[in-house]
Amino acid sequence: MTPSSLLADLIDLSEALDTDHGVDLENRKRRDRNIGRELQHWRNRPVSQIRAWLHELTPSSARKNGLQGVHLYHVLCVVLLAAGLLTGWGLASAVLFYDGKQPINIVNAVVVLVLPQILLLLVWLLAAIPGRLSLFRHLGSTLGFLNPGRLAGHLAGIFTAKENQCLAMLWHPDNGAVLAPAARWLFSFWSQLFAFSFNIGILTSAFFLVSFSDLAFVWSTTLTISNEIFHQLLTTLSAPWAVLVPDAVPSAELVAQSRYYRLDEGSLADTETTPQLAIALGQWWPFLITAVSCYGLLPRLLTLGISWYRFHHHLRKALCNLPGAPELLARMNSPLVSTLAEEPEHAFTIATDRATGKPDATHYAVRCPVIDWSGACDATDDMAAPLAALGIEALKFLRAGGRQTTEQDLELIASLCQGRPEGVCILAKAWEPPMLDLLDFVRGIRQQCGRKKPLIVLLRGGPEGVTAADRETWQLTLGQLGDPDLHVESVSHAT
Amino acid sequence: MTAPVFAIVGHPNKGKSSIVSTLSEDESVAISAVPGTTIDNRRYPMAVDGEVLYELIDTPGFQRARAALEWMHSHAGSAVDRADTVRRFVDEHKDDSRFAAECHLLTPILEGAGILYVVDGSRPFGEDYEAEMEILRWTGQPSLALINMIGDSDYSADWNKALGQYFRIVRIFDAMEADFDRRVQLLLAFGEIREEWREALEKAVRFLREELARRRTLAAHVIAEMLARMITHQRRRRLATGDVMDEIRDTLLNAYKQDIVAMEQRCREEVEQGYNHGHLERHEQRVQLLDDDLFSRETWVLFGLTRRQLIATGALGGAAAGSVIDLAVHGTSLLMGSGLGAVAGGVSAWLTSDRIANIKVLGHPLGGQEVSIGPMRNINFPYVVLGRALLHQHLVEERTHAHRDPLDIDTPGGAWQLTDTATRRRFEKLFSRLRKQETYRTDLVTTLATLIENQIRNRTDDA
């Protein structure tokens, strides 16, 4: 699992999760649980699970942003490698410049090629320490402009149209809470790549010059430093490789022989043996190359490895912490609990335009029988006033529905219609919905007593009276009979 | 063992569909004041990874119960034959549109479903219910009566007496207001009507409790992600020649506000979907930014560097180039090369920065003046957003799926208050880290989510 494939997946996953938000959650739950069950063996490996989910959901051909991001990442790696090589080569060529007149001062070479690297390494260490101490955090951000990796990142960001869907999403401020650590180590990786190739450039240049020209190294100082002290300094500096590469540790003899004075157009300490020394003085190169390798190349290789590892580590963590990713993992690894209906509802829609209209006249002026449907009326005396208010004179009170049998209802209709009433009034409970049982009864009356006679359904409410909702329900339901002389009234409305 | 099945039956318009909707958390159930809206049986299986633990069936209400019972009376021999008589009724009338409702509702019962008979306890008992209850008794299936309190009046005492004559267990249940615990209690009560159903129902309740915990975790995570994004969100715009700064700033500020509103809306939708309230209509005022003017910034940038950083970089580059000369002359220049190089690099960076910034590569200027809004610096803003989000989550969790009215979030006094100082300090620490965009922490959102989840749990425990 390389960082580049992780990086591509991270970019694509961010986009996929964002797009996935539009999918209905119930469908997402089913889909992700199915995928999760197939990946049960990776239950404790969330990164593998998430990546497998991504690969399952989006075919490789659809994942372009990730590939583009990785392409840019590789391009920047190559650019930084080349820049480091060239810079290292150029610097070493300048430091080790020798035209046969003045030998190369080994002190200069060490000061330029080794010392800054040790200092920069310390800076890197400070920056790499988790910024729990605000001093280091501020130092890191203040010195950030020195970081070639960060510069490369910002340069790449300039040419990115959709910052949040490509490599630049790593350092996009909106993603800071999740991706900032990965971005930080990516910048570190790039800068260490530059530094590593810079050292390679130095060493290549040094080897080239050593191989194809004769270099003469000396050491020179105005300070009153004895050969022994200088040798002691070099021995301390060479301690890391003294056992492994003893030839790269300058001997006391070499130090003594290569002390250089510029007086009288430059002279060596021991003029008697100058011709032999000319050969010996070239032998400083193992020391220089080993010093650059030990204090430059190897630490940079180590920091490059650490940066690569940390970048890789934070990419993996970011994969599981992207917005929507923890939820995705939960969907994949939790049992799918479903309580919803499996099929859509086949509901009956009533035609609202066929509701019985509001009565034009509330005074019917009819003498008719009043039928108590299903025990709507406890005491018939209570109904006298409401009926009178509607202009209904009750000829008699009859009972239907409820505990009466349907046969009794039919007999009641037959006897009722024989008397050719001017109309019929049915008392009903407003809170009970009009059921087909009642509608059968109403149809029976209409069929046997004839049309054009008012058929008034008088609703009686409970303690709350007849509510508007109750009245509307009755009007809508009875309206389905299409009877223009069927009226819905309510006791509260009538009184 | 086959999973228990429960047929929800009763008079039309007495809240059968509301009860099914609440228990199944399905907001797609058609609930209407018009009788006969439900014309067919609809099944609501409670399944865990495909394994059905119980099933609810919403049925049409009785329409011609008297006529059906009369037919049964006329065809029944003795009490022993009653269940068979009901079966014969269904067999003979399955194609008869007159008894379509009765046949639909009786079919699952005859196949072994338990009966959940629903009445409205806020309306008086009536004699027209007797035929329905008698038919259900004839089926011989285990049954439970539910008194659903739809209105404000209370006739539950009368109903208890009447229902007690037909049903062994009678429960009062408010489908609109029942919280999770009440729903669970009702499910467990279903297990009382037949012993062998108890295990499956207890298992189902266990999974439902786990699901509730997962929903809370999910809600907490979604809220934490929204907060993190809101706090760190920035909007930037590179200024072109001729742009009026104030106009650009206003445009950017409006866009920023819309982003914040969109983030909150998205969080709301995610939370609602988590609780199966995917089509919820909401009444809520938009989130307000507390300080409009405090977080707009104007900077000059090139390669992500400010002008000062660019000059420093130029100076360092110049010094490095100059040092090559110093080295080439073996230091005889007394570091003049480095010094002059630093000056030349710094000055040229200063003088040419604007020109370099205006250079377009592939149509993109390399740098220039930039206006940015955000990240949010107001320390109270996250608490306002968090308070709104927790209130919303609470209302969504409490809301049953029988509701069809919009969710009103701007309830006076409903806002979440953080009274615990220690918790507030922990929140502030996290918000502060997000504001500072600390780059070494990957678990800020997870930690924030845990803290929010604790708030949700504590509030529920307190309630």
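In strand β6(B), B:R171 is the bridge partner of B:L146. You can use this pair as a way into the predicted model. The two strands brought together here are β5 (residues 143-148) of chain B and β6(B), which pair in the parallel sense over 5 bridges.

Step back and a wider sheet comes into view. It is an open sheet of 7 strands with mixed pairing, in the order β5(A)-β2(B)-β3(B)-β1(B)-β4(B)-β5(B)-β6(B). At its edges stand β5 (337-338) of chain A and β6 (169-173) of chain B, and each has a single partner strand, so one side of each is left without a neighbour in the sheet.

Now look at β1(B) within this sheet. It runs parallel to β3(B), joined by 4 bridges, and B:I8 stands opposite B:D58 in β3(B). With β4(B), β1(B) pairs in the parallel sense over 5 bridges, and there B:V9 stands opposite B:Y117. How enclosed is β1(B) by the rest of the structure? Of its 6 residues, 5 are buried, so the strand is largely enclosed.

Helices lie across this sheet too. Helix α4 (residues 100-110) of chain B crosses β1 (5-10), β3 (51-58) and β4 (114-120) of chain B, and runs at about 150° to β1(B). Helix α6 (residues 156-164) of chain B lies across β4, β5 and β6 of chain B, at about 155° to β6(B).

Before leaving this sheet, visit the loop between β2 (42-48) and β3 of chain B, where you will find B:D49. Most residues other than glycine have a negative phi. B:D49 is not a glycine, yet its phi is positive, near 50°. Is B:D49 buried or partly exposed? It is partly exposed, because 14 other C-beta atoms lie within 10 Å, and a buried residue would need 20 or more.

Chain A offers a similar stop. A:A365 sits in the loop between β5 and β6 of chain A. A:A365 has a positive phi of about 50°, although it is not a glycine. With 12 other C-beta atoms within 10 Å, A:A365 is exposed.

That brings us to chain A as a whole, which has 19 helices and 10 strands. Buried residues make up 41% of its 495 residues. Among contacts in chain A between residues at least 6 apart in sequence, 82% join residues at least 24 apart.

Chain A has an open sheet of its own, in which 5 strands follow the order β7-β6-β8-β9-β10 with parallel pairing. Here β7 and β10 (486-490) of chain A are at the edges, and each has a single partner strand, so one side of each is left without a neighbour in the sheet. From one strand to the next, the twist averages 25°. At the β10(A) edge, 5 bridges join that strand to β9(A), and the two run parallel. A:L458 stands opposite A:E489 in β10(A). Helix α18 (residues 468-479) of chain A lies across β9 and β10 of chain A, running at about 170° to β10(A).

Another helix, α17 (residues 436-449) of chain A, also meets strands of this sheet. This helix has 14 residues and reaches 20 Å from its first C-alpha to its last, close to the 20 Å expected at 1.5 Å a residue. Which residues of α17(A) are buried? They are A:L436, A:D437, A:L438, A:F441, A:V442, A:I445 and A:C449. In an α-helix, residues three or four places apart point the same way, because there are 3.6 residues a turn. The buried residues of α17(A) pack against β6 (366-373), β7 (392-400), α16 (406-418), β8 (424-429) and β9 (455-460) of chain A, together with α2 (65-75) of chain B. After the helix comes A:G450, with a positive phi near 90°.

Our next stop is a meeting of two helices. Helix α3 (residues 46-57) and helix α14 (residues 325-333), both of chain A, pack at an angle of about 90° with their axes 11 Å apart. That angle makes α3(A) roughly perpendicular to α14(A). A:P46, A:Q49, A:I50 and A:W53 in α3(A) meet A:A325, A:L328, A:L329 and A:M332 in α14(A). The contact holds 7 nonpolar residues, 1 polar and no charged.

Finally, return to chain B, where B:E270 lies in helix α9 (residues 245-274). B:E270 is buried, with 21 other C-beta atoms within 10 Å. B:E270 and B:V347 are 77 residues apart in sequence and 54 Å apart in space, C-alpha to C-alpha.

Key
Residues are numbered from 1 along each chain as its sequence is written. Chains are lettered from A and ligands numbered from 1 in the order in which they are written. This is a predicted model: local features need pLDDT of at least 70, side-chain atom pairs count only at pLDDT 80 or more; totals for chains, interfaces and linings use all residues. The expected span of a helix is 1.5 Å times one less than its number of residues. Two residues are in contact if their C-beta atoms, placed from the backbone, lie within 7 Å. Two strands pair if DSSP finds at least two bridges between them. Axes are lines fitted to C-alpha atoms, for helices over the stretch in contact, and angles run from 0 to 180 degrees between N-to-C directions. Angles under 35 degrees count as roughly parallel, over 145 as roughly antiparallel, 65 to 115 as roughly perpendicular and the rest as oblique. Ala, Val, Leu, Ile, Met, Phe, Trp, Tyr, Cys and Pro count as nonpolar, Asp, Glu, Lys and Arg as charged, and the others, Gly among them, as polar.
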